[in-house]
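Me: Hello! I have just opened this structure and would like to get to know it piece by piece. Could you walk me through it?

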Amino acid sequence: NWGHKLKIPSFIFTSNVDGHFNRAGWSEQVLECHGSLMRLQCLEACGQPIWEPMDKGIPLVKVCPDSLLCTSSLPTCPSCGSLARPNILMFSDFYWDSSINLKQERTLNSWFDINASKNLLIIELGAGISVPTVRFFCERSMKEYDCNMVRINPRDYQVPKGSTALASGALEALELLDLMLWK
Ligand SMILES: [Zn+2]
């Protein structure tokens, strides 16, 4: 909303794998650093490019909310028929197909090339320290592109010098900032 209202360029860097930002209307300006559950890849790496099952009319896997067991047939590769897996990066995952991730990285780098001189602000939301990919990205970008940063986090809100910490949950802080922006 801020991007639209203020007519400013913006980009999402997320470790969410649930396709949240795509459902919220973002398509191109997103880097999903751990991949996405909304895409599948062939378990046997037969050469089939990553696919989005909904695009091919195949429903996503249905899971029983009580037992957490799959209640539909498991998805298979449209090329070779092998089992498909979610295109998300797991721990010690040497078989993750990173091709879409690399494309998103190129898009982000081009975005920085165009916008780096525009007094950028990084708003980091709930990025923890146990898997610090998002924190590292924000801190690195802050230095590399001389950005300001606001870190919103109820627990791990320590910040590098020159940035701002808000010890709060993300929704609460964003709603307060939104009120302040438009009053
Ligand atoms: Zn295959």
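Me: Where does Ser163 lie?
Reply: Keep in mind as we go that this is a predicted model. Two strands frame the residue: β6, residues 148–152, and β7, residues 164–166. Ser163 sits in the loop between β6 and β7.

Me: Is Ser163 buried or exposed?
Reply: Its relative accessible area is 14%. The cut-off for buried is under 20%. Ser163 is therefore buried.

Me: Which backbone oxygen does the side chain of Ser163 reach, and which residues is Ser163 in contact with once its neighbours within four places in sequence are left aside?
Reply: The side chain of Ser163 reaches the backbone oxygen of Pro160 at 2.6 Å. Setting aside the neighbours within four places in sequence, the contacts of Ser163 are Met142 and Met149.

Me: Met142 brings me to helix α4. What length does α4 reach from its first C-alpha to its last?
Reply: Helix α4 runs over residues 133–144, which makes 12 residues. At 1.5 Å a residue, 16 Å is expected. The span in the model is close to that, at 16 Å.

Me: Why do the buried residues of α4 line one face of the helix?
Reply: The buried residues are Val134, Arg135, Phe137, Cys138, Ser141 and Met142. Looking down the axis of α4, these buried residues fall within an arc, so they line one face of the helix. On the other side of α4, Phe136, Lys143 and Glu144 are exposed. The arc that holds the buried residues is 165°.

Me: What covers the buried residues of α4?
Reply: Both helix and strand elements take part. Included in the cover are β1 (12–14), α3 (99–115), β5 (121–125) and β6.

Me: Which residue with a positive phi follows α4, and is that residue buried or exposed?
Reply: The residue is Asp146, in the loop between α4 and β6. Its phi is positive, about 55°, although Asp146 is not a glycine. With a relative accessibility of 68%, Asp146 counts as exposed.

Me: Ala45 has a positive phi too. Where does Ala45 lie, and is it buried or exposed?
Reply: The phi of Ala45 is about 50°, although Ala45 is not a glycine. Ala45 is part of the loop between β3 and β4. At 65% relative accessibility, Ala45 counts as exposed.

Me: Now for the metal. Which residues coordinate the zinc ion?
Reply: Each donor is an SG atom, at 2.2 to 2.4 Å from the zinc ion. In sequence, the donor residues follow the spacing C-x3-C-x30-C-x2-C. They are Cys42, Cys46, Cys77 and Cys80.

Me: What is the geometry of the zinc site?
Reply: The angles among the four donor atoms are 102 to 117°. Four donors count as tetrahedral if all angles lie between 85 and 135 degrees. The site of the zinc ion is therefore tetrahedral.

Me: How many residues apart are Cys42 and Cys77?
Reply: Cys42 belongs to strand β3, residues 35–42, while Cys77 is in the loop between β3 and β4 (84–88). Both residues are buried. This pair links distant parts of the chain, and the separation is 35 residues.

Me: How far apart are the end C-alpha atoms of α3?
Reply: With 17 residues at 1.5 Å a residue, α3 should span 24 Å. The model agrees, because its end C-alpha atoms are 24 Å apart.

Me: Which elements do the buried residues of α3 pack against?
Reply: The buried residues are Asn101, Gln104, Leu108, Trp111, Phe112 and Asn115. They cover an arc of only 100° around the axis, which puts them on the same side of α3. On the other side, Lys103, Arg106, Asp113 and Ile114 are exposed. The buried residues pack against β1, β2 (30–32), β3 and α4.

Me: How far apart in space are Glu105 and Cys33?
Reply: Glu105 is found in helix α3. With a relative accessible area of 35%, Glu105 is partly exposed. In sequence Glu105 and Cys33 are 72 residues apart, and C-alpha to C-alpha they are separated by 8.7 Å.

Me: To finish, how many helices and strands does the chain have?
Reply: Read along the sequence, the pattern is α-β-α-β-β-β-α-β-α-β-β-α. Of the 183 residues, 32% count as buried. The chain has five helices and seven strands.

Key: Residues are numbered from 1 along each chain as its sequence is written. This is a predicted model: local features need pLDDT of at least 70, side-chain atom pairs count only at pLDDT 80 or more; totals for chains, interfaces and linings use all residues. Side-chain values use heavy atoms; hydrogens and water are left out. Helices (H or I, at least four residues) and strands (E, at least two) are DSSP runs, numbered from the N terminus. Buried means under 20% relative accessible area, exposed over 50%, partly exposed in between (1.4 Å probe, protein chains only). A polar contact is a pair of N or O atoms within 3.5 Å; within protein, one must be able to donate a hydrogen and the other to accept it, and residues adjacent in sequence count only if both atoms are side-chain atoms. Contact means heavy atoms within 4.5 Å. The expected span of a helix is 1.5 Å times one less than its number of residues. The arc is that of the directions from the helix axis to the C-beta atoms. Donors are N, O and S atoms within 2.8 Å of the metal (3.2 Å for Na, K and Ca); water is not among the atoms, so sites may look incomplete. Four donors count as tetrahedral if all angles lie between 85 and 135 degrees; four count as square planar and six as octahedral if opposite donors are over 155 degrees apart and all others between 65 and 115; anything else is irregular.
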